[in-house]
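Colleague: Got a minute to go through this one with me? I'd like to talk salt bridges, strands and cavities.

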Amino acid sequence: MTAPSPNPSLPLRTKIAATVSRGVGALSRATGRGDGSVIGGRIGLMIDPHLLANLAAGRRIALVSGTNGKTTTTRLTAAAIGVLGKVATNSFGANLPTGHTSALAKAGHTPYAVLEVDEHYLPQVLAATRPEVVALLNLSRDQLDRAKEVAMMAQLWRDALAAHPTVHVIANADDPMVAWAAYRCPHVTWVGARQRWHEDSWVCPECGAHLERSGDSDWHCSGCALRRPQPQWTLKDGHVVDPSGVAHAVTLQLPGSINLANAATALAVGAAFGVPVVDALPRLAQVKSVAGRYATVVRGDHTIRLLLAKNPAGWLEAFDMAEDAPTLLAINARDPDGLDTSWLFDVDFSPLRGRHVLITGDRAYDLAVRLEVNDVPFRHVRRFRDALAAVPPGRLEVIANYTAFQDIRAELDRVN
């Protein structure tokens with residue numbers, strides 16, 4: 001396989017750092033140590049601290065950030081912008097500067113890049129990459145032992161965007177925290193994403209008064225002028241309606257209403273780059289799995305679907321996606337998950353009543369207590385293969401948080 005061609009205008013130090021980054025990443029993959037996204041970027045940045053900025057220069061870049069849906073929306077956006085040409089992307093979850101650096105180095109000199117960005121790192125990556133477009137999806141509580149409080153995160157975004165007034169922001173009008181963060185930006189396109197999770201946005205981030213809601217999406221502050229912006233992109237009857245009022249039927253292989261909203265954002269970003277919606281739609285229809293999320297795997301007489309859920313808002317959407325079938329819930333509390341599992345009590349597990357529910361993972365007993373409170377019967381299994389043995393032939397839905405999800409993916413490879 002031919003190595004990606006570097007930008008000939010790059011400084012020599014950057015060229016060397018990019019080459020080493022690609023080599024280290026390839027070695028990591030070849031030795032089974034990982035996909036190389038983190039270590040390759042880390043070594044590259046040690047050689048050239050300006051590597052990310054230098055690799056980003058000359059590309060038209062879109063950043064995608066938010067608490068939930070980043071990876072999927074990044075993948076859909078990269079597919080849409082792919083209509084125009086080659087796209088560098090990190091749409092497999094390495095969303096820190098090391099991952100961005102590795103993705104750009106691995107891709108070589110491409111005219112476009114779409115990068116998923118951890119919400120804490122958005123200011124840093126904005127400054128380094130000078131993107132043309134930033135898509136802001138949502139803000140909700142996440143990893144309570146180390147994440148900022150939601151209003152603090154909104155303030156962080158607001159300040160970062162104020163420092164980059166030329167960026168075109170694509171923002172979720174239905175999330176008050178996102179709307180407040182983007183409200184004063186000179187160039188904003190609003191998307192009506194029909195956000196269902198409201199529990200982190202009952203207090204106005206502008207004045208502290210109560211936020212009033214009506215219908216599925218509308219909201220306004222009871223104490224100041226802050227209110228839901230009028231969206232240019234909306235959802236209606238399974239269609240995405242563009243700013244001209246044309247409703248586009250969207251065919252996705254990804255489940256759930258939330259992915260229609262993610263597709264609307266991807267189409268809006270694509271349009272900002274000049275991609276006609278009718279050209280982007282077939283590309284979106286080809287996306288069927290994102291870093292293992294939504295993957296359907298057949299093992300023996302079982303059909304297994306994997307759903308990732310990392311926080312209360314994510315679990316709400318996972319229940320919407322999951323079919324009425326035996327369901328395995330898996331919870332760990334390792335460093336990438338966050339060590340605090342108290343967020344389980346913010347999840348309403350009652351939609352699982354009446355299903356055959358199994359639980360597993362390092363913190364299965366924490367989950368057991370929560371299910372008892374919600375009056376959801378369950379059975380504890382120690383391994384994924386035990387779950388397969390415990391359910392009849394047919395479909396098994398799996399909902400897991402981050403490291404539990406990765407554990408099950410690895411164990412699936414060992415199940416004959």
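Modeller: Let's fix one term before we start: a salt bridge here is a side-chain nitrogen of Lys or Arg within 4 Å of a carboxyl oxygen of Asp or Glu. Keep in mind that this is a predicted model. Asp386 and Arg383 meet that rule, with their side chains at 3.4 Å, N to O.

Colleague: Are Asp386 and Arg383 buried or exposed?

Modeller: Partly exposed: Asp386 has 26% relative accessibility, and Arg383 has 44%.

Colleague: How many salt bridges does the rule give?

Modeller: The count comes to 15. One of them is Glu206 with Arg158, where the closest N and O atoms are 3.8 Å apart. That pair links distant parts of the chain, 48 residues apart: Glu206 sits in the loop between strands E6 and E7, and Arg158 in helix H7.

Colleague: Why does Arg158 count as buried?

Modeller: Because its relative accessible area is 12%, and buried means under 20%. Glu206 is partly exposed at 41%.

Colleague: What about Glu323, which residue does it pair with?

Modeller: Arg395, with the closest N and O atoms 3.4 Å apart. Glu323 is in the loop between H11 and E14, while Arg395 is in strand E17, 72 residues apart. Glu323 and Arg395 also belong to one network with Arg305 and Glu397, joined by salt bridges that share partners.

Colleague: OK, switching to strands. Which strands does E4 pair with?

Modeller: E1 and E5. E4 pairs with E1 in the parallel sense over 4 bridges, and another set of 4 bridges joins E4 to E5, also parallel. Leu136 has Ser65 as its bridge partner and stands opposite Ala171 in E5.

Colleague: And the faces of E4, what's on each side?

Modeller: Val133 and Ala135 are on one side, Val134 and Leu136 on the other, and all of them are buried.

Colleague: Now cavities. How many are there of 30 Å³ or more?

Modeller: There are 3, and the largest has a volume of about 510 Å³. It is lined by 30 residues, and the closest to its centre are Asn68, Gly69, Ile258, Gly314 and Glu317.

Colleague: Which element gives the largest share of that lining?

Modeller: H11, with 5 residues. H4, H9 and E13 each supply at least two.

Colleague: Last one: which residues make the nonpolar surface patch?

Modeller: Phe345, Val369 and Val373, over about 290 Å². Phe345 lies in the loop between E14 and E15 and is partly exposed at 45% relative accessibility.

Conventions: Residues numbered from 1 in each chain as written. Predicted model: local features only at pLDDT ≥ 70, side-chain atom pairs only at ≥ 80, totals over all residues. Heavy atoms only, no water. Buried < 20%, exposed > 50% of the residue type's maximum accessible area, 1.4 Å probe, protein only. Pairing = 2+ DSSP bridges. Patch = residues over 30% accessible without salt bridge, like charges linked within 9 Å, V, L, I, M, F, W, Y side chains within 5 Å. Areas by Shrake-Rupley, 256 points an atom, 1.4 Å probe, with all protein chains shown as cover. 1 Å grid on protein atoms, 1.4 Å probe; cavity = no way out; pocket = protein on both sides within 12 Å on 5 of 7 lines; lining within 4 Å. Points joined across faces, edges and corners; volume = space filled by probe spheres on them.
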